[in-house]
Every structure is written in C-alpha cells, then in structure tokens.
Amino acid sequence: MSTEQTMQDIMRRPSELLYEEEISALIREDEGKIPAGWQMSPKSVLKFIVGGMAGKQVITPKYIGNPRIVEMAIATLVTDRALLLIGEPGTAKSWLSENLAAAIYGNSGLVVQGTAGTTEEQVRYSWNYAMLLAQGPTPEALVKSPVMRAMEAGGIARFEEISRCASEVQDALISILSEKTISVPELGKEMNARKGFSIIATANTRDRGVNEMSTALKRRFNIIVLPAPADLETEVEIVKKRVAEIAASYDLQAAVPADEALQKVVTIFRELRSGMTLDKKEKVKSPAGVISTAEAISLLTNSMALAASFGNGEMTDEDLAAGLQGAIVKDDDKDRLVWKEYLDNVMKKRGAGWRGLYTACKEMNQ
C-alpha cells in the first residue's frame, strides 16, 4: 500500500497533514522574522489560524473569533512562557492548540492527555523495563515523554485537560517550566530544552474544583480564556465550517445542512445553554449535560450520516430530531422533562417554519 493511500485511510489527519498545502505556501511566502525553533513567523502563524492569502493559496480560518486572542497566544509562545487555554466545552481549546503547534513546529502530535490516571512518568519519562532489567539504566532503555521529546527537539508539547490530572502530576511541570530541564538521575544527566520549546495546555472551566491548579503552576503559564461564540451568527459560521470539513473527511454522501437547519440547531443550543430564549422574553430550563458548539457539530454530522445511510442524502426534520434527542437527553428523567417543556413552551409557538421539526421532535420524545 502506498504512502498516499495510507494517508487517505487515516480517520482523522492531524492539522499539519490536513492543511499541508497551506503551511507550505505560508512558509514559502514568509518574509517575516522567524523565531528560533519555528518554521514560520508569528504573522504567518496568525494568518494560518485566522485565514487570509499566501500568494495564490487560500488560507482557511481555523479559529473564528476575536483575532486579538490568537495574537496574544502566539506572542506568549514567542517568549519562554507556556500557554494555558481555558474555556467552556466546545470553545475550540484543543483545536486552537493543535493548529498552533502545527503551524509553529509542524508536529501537533506530542500530546499528554490529562486524565485521573495520568502519571508523573507520562509527563517526564519512564523505562523499557525489559531493557532496564537486562542492561540497567541506559539511554536506550529510556522512554521519553512527549514533553521530553519536545524539549529535545525545540518543539511544542500539548497537555490536554490538565485540570483532570492529580495535583502531583500537575506539579511535575513546575520545574520543567521554570528550569527548562528534566533531570534523569539514573543516567546522571539532565535534558535541557532547545530554543523553541514550549507547552500549550488546555483546561475546562467545568473541571474547576476537581483538581484545582496550584498558584505556583498557574504562575508558569500565560492564561487565555476562550469565550463561547458571542452571537448566533458567529456560532452558526463555526458549526457550518466544521460540519463541512468533517463531512468531507468521512466522505459522507449527504448534502451539507441548509442554513435554516443550522440556525435552528444553534438557536436551540444557545437557548438551552443560557436558560433564556434569544429574544429574552422567556426563561427555559437547561439540561444536565453540556450543550456546546462541539455537540452541535457532532449532532449535525450524525444527522448527515443518517440521511446518507438511510435516506436520499437530504437531511430531514426526522434526522435532525434524532440528533437533538441524543444530544440533549443524557440524564433520562430530568433531561427528558426539560426537553419536553422546551418543545411545548418554546418551539411549538414558533410557527410554520418550525412545525416540521417540532412534530418530529415530539414524536421522538414520547
């Protein structure tokens, strides 16, 4: 099997492969000063994230929002400070982190995934224990963490959902971020970071109180809060773009949802998320689960899959209703009641344009 066929078979290509042509064009056209360890200038990184032109190559926007936020993130990484992106679920923290790493270093895959089971070894280093027992501690037996590999290469490591890790695991970063070294006493050596090394971490605001980050660790980061989409139009644009990209990646044989369907889904999500209708005239109850932009994208993608697999490729109200039911009703008893009240008190009153979706949702929620 050829390399090209292998690449086509990957379910989700990393940003450096997905946008390979754009990155090459930006590097080729770059006339700015390139920091040590970077592959393009800060202005080119900004263009990669927010969109523009590089010669004749169209650079698609990766983050739709206030460009000043992206400028602040890039400026942080020019210095020796690490970057912490904080926000509600669905505010594109991981997506922005991945694309920054892809643009700056050309490799977004040096990732530590924070969970309750993440250990300090996964942040620093571990050992190939078969080799360790046979030969003792040797450089060949050392298993380098993504952070150590980024330090060695002068690249960027990503630390996803850092607040999900135990405090002792989080604190393993303090000396790394302060001294830019990892000590390996078993080998009597230190790994010193090359210029260009940095860490981009993400944290979910809903995880506060689970494993609160220490003040000492927070001081090692420049913290940027990513806001939820400010208005309906911005969120619709984000959802539309990502749904089209995902549908193309999975080769879904269905038409991209019409703007009317996108606006309905985003309207429902914004109202349930805020506890208020968009016109501010009526309060609504919110479900227990997260009603994020990412959930809206997933819902619409699944509805497209339904239309492609069991319909004629055109998304129907029934396809949307099935997706809405799955996205909103997570805690059966409470969420089903919340959804039923929303259908009867809000959606039912919205007239003929909403009648088909209301009827399909009502039938699903019997």
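How far apart do the C-alpha centres of domain 1 and domain 2 lie? The answer is 36 Å. Keep in mind that this is a predicted model.

Let me place the two domains. The domain assignment gives domain 1 as residues 64-225. Domain 2 takes in residues 232-365.

Now, the interface. Five residues of domain 1 are in contact with 10 residues of domain 2. Together, the two domains bury about 590 Å² between them. Carbon and sulfur atoms give 71% of that area. Which three residues supply the most on the domain 1 side? They are I64, G90 and W95. This trio accounts for 70% of the area that domain 1 buries against domain 2.

How many salt bridges cross this interface? The rule finds zero between domain 1 and domain 2. Yet a search of the whole structure turns up 17 salt bridges.

Here is one salt bridge to look at. E71 pairs with R68. Their closest N and O atoms are 2.5 Å apart. Both sit in helix α5, residues 67-78. They are three residues apart there, so about one helical turn separates them.

Next, the pockets. The largest pocket holds about 1200 Å³ of space. Where does the largest pocket lie? Domain 1 and domain 2 both give residues to its lining, so the pocket lies between them.

The lining of the largest pocket has 46 residues. Find R12, W95, R242, E245 and I246 on your screen, as they lie nearest the pocket's centre. You have met W95 already, among the three residues that lead the buried area of domain 1.

Which helix gives the largest share of this lining? That is α12, with eight residues. Helix α12 spans residues 232-249. Other elements supply at least two residues each, including α1 (3-8), α6 (93-105) and α14 (293-310). Strands β7 (156-160) and β10 (198-204) do so as well.

What about the chemistry? In the lining of the largest pocket, 22 residues are nonpolar. Another 12 are polar, and 12 are charged.

On to the second largest pocket. Its space comes to about 230 Å³. It is lined by 14 residues. T79, D80, K195, G196 and F197 are the closest to its centre. This lining splits into seven nonpolar, three polar and four charged residues.

Last topic: the backbone. Most residues other than glycine have a negative phi. Two lysines here have a positive one. K180 has a phi near 60°, and K280 has a phi near 65°.

Where do these lysines sit? K180 is in the loop between α10 (167-179) and β8 (181-184). K280 is in the loop between α13 (259-274) and α14. Remember α14 from earlier: that helix also supplies at least two residues to the lining of the largest pocket.

Let me wrap up. The two domain centres lie 36 Å apart. The interface has zero salt bridges by the rule. The largest pocket lies between the domains, because both give residues to its lining. Start with W95 when you open the model: that residue lies among those nearest the centre of the largest pocket.

Notes
Residues are numbered from 1 along each chain as its sequence is written. This is a predicted model: local features need pLDDT of at least 70, side-chain atom pairs count only at pLDDT 80 or more; totals for chains, interfaces and linings use all residues. Side-chain values use heavy atoms; hydrogens and water are left out. On a 1 Å grid over the protein atoms alone, a cavity is a set of points where a 1.4 Å probe fits but cannot get out, and a pocket is an open set with protein on both sides within 12 Å along at least five of seven lines; lining residues have an atom within 4 Å of a point. Grid points are joined across faces, edges and corners, and a volume is the space filled by probe spheres set on the points. Helices (H or I, at least four residues) and strands (E, at least two) are DSSP runs, numbered from the N terminus. Ala, Val, Leu, Ile, Met, Phe, Trp, Tyr, Cys and Pro count as nonpolar, Asp, Glu, Lys and Arg as charged, and the others, Gly among them, as polar. Domain bounds come from an automatic or database domain assignment. Contact means heavy atoms within 4.5 Å. Buried area is the accessible area (1.4 Å probe) that two parts lose on being put together, summed over both. A salt bridge is a side-chain nitrogen of Lys or Arg within 4 Å of a carboxyl oxygen of Asp or Glu.
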